[in-house]
Amino acid sequence: MGFYNYQLTLDKILEYGCTVYPTREIVYRDRRRYSFASFGEKVKSLAASLQKIGVSKGDKIAVVDWDTDVYMMSYYAIPMIGAVLHTVNIRYPPEIMLKTMLHAEDKWIIIRDEFLPLLEKARNFLQGIRGVITYSDTGEKVRTSFKTYDLWELLSGEGLQQPELQEDTPATIFYTSGTTGDPKGVWFTHRDLVLHSMSVALITGRPPLLAGQKDVYMILVPMFHVHQWGFPYVTMLMGTKYVLPGRYDPSFEITLMKREGVTFSAMVPTILHMILTHPEAERNPEVFKGWKVMIGGSALPSGLAYLARKMGVNISVGYGLSETAPVLTVAYYNSVVEGLPEDDRFAQQIKTGIPIPLVKLRVIDEKGNEVPRDGKTVGEIVVRTPWLTREYYKDPERTEKLWKDGWLHTGDLAVIDEYGYLKIVDRDKDAIKSGGEFIPSLILEDLISNHPKVSEVAVVGMKHEKWGERPVAFVVPRGELREEELLDFLAKKVEEGKIQKWWIPDKFVFVKEFPKTSTNKIDKKALRKALEEGQR
């Protein structure tokens, strides 16, 4: 037969984990648990059943669920038969969920019982659906007006015909979180995801996180969001126990951490804030000692970073976006930073980080030239890696803009310091342009977050007749807080040379809580809209 051209496909990751770490566990809440070996058998049974009910290579299968064992099985079973996993964003408004399913041309749906009313309401629009696979945690059969299959019955399937897939076969599709406009479809191949997972697995083992086989993962990134940052695949490569929390609830997550011995998590800053400020956190301080946390999705306010450090959390920041599968950088230590004093190392590990293996990254000015490594000059991040989306699905116009000059343009503005570490200062669309100059909202947010009476903060631009835009700070206070206190605090930062005087917000708006996007980031679009309506 001669030379065998080994293809990088996701079934190889599953096979490795089940073979080398057969006794490691996957745990779903307090309801179900599996060894890697038994989980692998369930995945193969589901894959075999999908073939038998008529799923064909290239068919897109929508999954509508919380972070469950069923979802994790889908991460493997669907791509390994050549079908495409569509991770549907369940926090979209129903009409946007439906719009993405129609745009993706989904043929099958795997759906948890509590989401069925959404499906039934859209019955007339989903004529192309060949079948719906339903399940309930109780094990009871669920019926729909569609052709329906019971998931628990499918998990007893046999006779998987494992196809010899090419590594460039599409494996996943999903839609961007809509932070900066309408959701856009991005898709990735088996090769993309295998290389991404290997690189993330490699980097989590480096300091300061030093994650290894004995760690217990509980990833608090929704499974619908950018492959849960790759960790459902990374866990098989690393041989780590994996805890799935289902629907998010900070109190129950702290309970799970205690019960299952969780030592490693990944999440956006707002989730970390919810956990660390929850009353249960005060009652269980021992849970957080040595907890390793990777932060991404949006900038980590230094106030929250220092709170985490005080509670014994070992924190490191990562960065990526939907278009990049997602991880591009992590704030691990390079050979220069590892020799710095502890406080200086911590200052670096809460920046945006340095590229992970196989990522080529530049910060460029408007002419395409790289900015100096001075920690001050702002430029746009552009990247090349082996795992970037090739296009916005069925959107050639936006694709052309995304891939201008052969580099993927992130739209994120950053500075790069003498050690090569990035710090995001704004998204291109969030930057506040005042009097022809940019005011970086993230730097302002970071400083304001350090005020002892500030719980959360977001800074956005408000239209201004003279200056074009001026900054406004929305603040969730801790107890009583007056605007004068914040003005005095920022005036001192001006004296210290941290910010320029004209950066100080014109207005402070105190709110009880922030509107959030579907991925739990602060929704700045909603804040800007509130300002516009208030100005009318």
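# A walk through the model

Start with a pair of strands: select β17 and strand β18 (residues 379-384), which run antiparallel and are joined by 5 bridges. Two strands count as paired if DSSP finds at least two bridges between them. Helices (H or I, at least four residues) and strands (E, at least two) are DSSP runs, numbered from the N terminus.

Before going on, know that this is a predicted model, where local features need pLDDT of at least 70 and side-chain atom pairs count only at pLDDT 80 or more, while totals for chains, interfaces and linings use all residues. Residues are numbered from 1 along each chain as its sequence is written, and side-chain values use heavy atoms, with hydrogens and water left out.

**Stop 1: β17 and its partner**

Stay here and click Ile 364, which stands opposite Glu 380 in β18. Why is β17 described as largely enclosed? 4 of the 5 residues of this strand (residues 360-364) are buried, so the rest of the structure largely encloses it. Buried means under 20% relative accessible area, exposed means over 50%, and partly exposed is in between (1.4 Å probe, protein chains only).

**Stop 2: helix α15**

Now select residues 441-448, which make up helix α15. 7 of its 8 residues are buried, so this helix too is largely enclosed by the rest of the structure. Colour in the buried ones: Ser 441, Leu 442, Leu 444, Glu 445, Asp 446, Leu 447 and Ile 448.

**Stop 3: β14, β15 and β16**

Next, pick strand β14 (residues 314-320) and strand β15 (residues 327-330), an antiparallel pair with 3 bridges. Gly 320 has Val 327, in β15, as its bridge partner. The hairpin of these strands has 6 residues between them, and there Ala 325 takes a positive phi near 80°. Then add strand β16 (residues 354-355), which pairs with β15 in the antiparallel sense over 2 bridges. Look for Thr 329, standing opposite Pro 355 in β16.

**Stop 4: the nonpolar cores**

In soluble globular proteins, nonpolar side chains tend to be buried together. A nonpolar core here is a set of buried Ala, Val, Leu, Ile, Met, Phe, Trp, Tyr and Cys residues joined through side-chain atoms within 4.5 Å.

Which residues have the most contacts inside the largest core? Select Phe 39, Phe 231, Phe 288 and Trp 291: they are the ones, in a core of 154 residues. Helix α3 (residues 69-80) supplies the largest share of this core, with 9 residues.

Zoom in on Trp 291. Leaving aside neighbours within four places in sequence, Trp 291 is in contact with residues including Met 257, Phe 264, Leu 272 and Val 313. Contact means heavy atoms within 4.5 Å. There is also a second, separate core of 18 residues, which includes Ile 439, Ala 473, Val 475 and Leu 490.

While you're in the interior, click Ala 266, in strand β12 (residues 264-267). Ala 266 is buried, with a relative accessible area of 0%. Not counting residues up to four places away in sequence, Ala 266 touches Met 218, Ile 219, Leu 220, Val 221, Trp 229, Phe 231 and Met 294.

**Stop 5: rings**

Time for the aromatics. Rings of Phe, Tyr and Trp (its six-membered ring) pair if their centres lie within 6.5 Å; planes under 30 degrees apart count as stacked, over 60 as edge-to-face and the rest as tilted. That rule gives 18 aromatic pairs.

Show Tyr 4 and Tyr 6: their ring centres are 6.4 Å apart and their planes at 85°, so this pair is edge-to-face. Tyr 4 is partly exposed at 41% relative accessible area, and Tyr 6 is partly exposed at 48%.

For a stacked pair, go to Phe 174 and Phe 188, at 5.9 Å centre to centre with 20° between the planes. Phe 174 is in strand β8 (residues 170-175) and Phe 188 in strand β9 (residues 185-189), 14 residues apart. Are Phe 174 and Phe 188 buried or exposed? Both are buried.

**Last stop: Thr 148**

Finish at Thr 148, in strand β7 (residues 148-150). Thr 148 has 17% relative accessibility, so it counts as buried. Its side chain makes a polar contact of 2.6 Å with the side chain of Thr 144. A polar contact is a pair of N or O atoms within 3.5 Å; within protein, one must be able to donate a hydrogen and the other to accept it, and residues adjacent in sequence count only if both atoms are side-chain atoms. The side chain of Thr 148 also reaches the backbone oxygen of Phe 146, at 2.8 Å.
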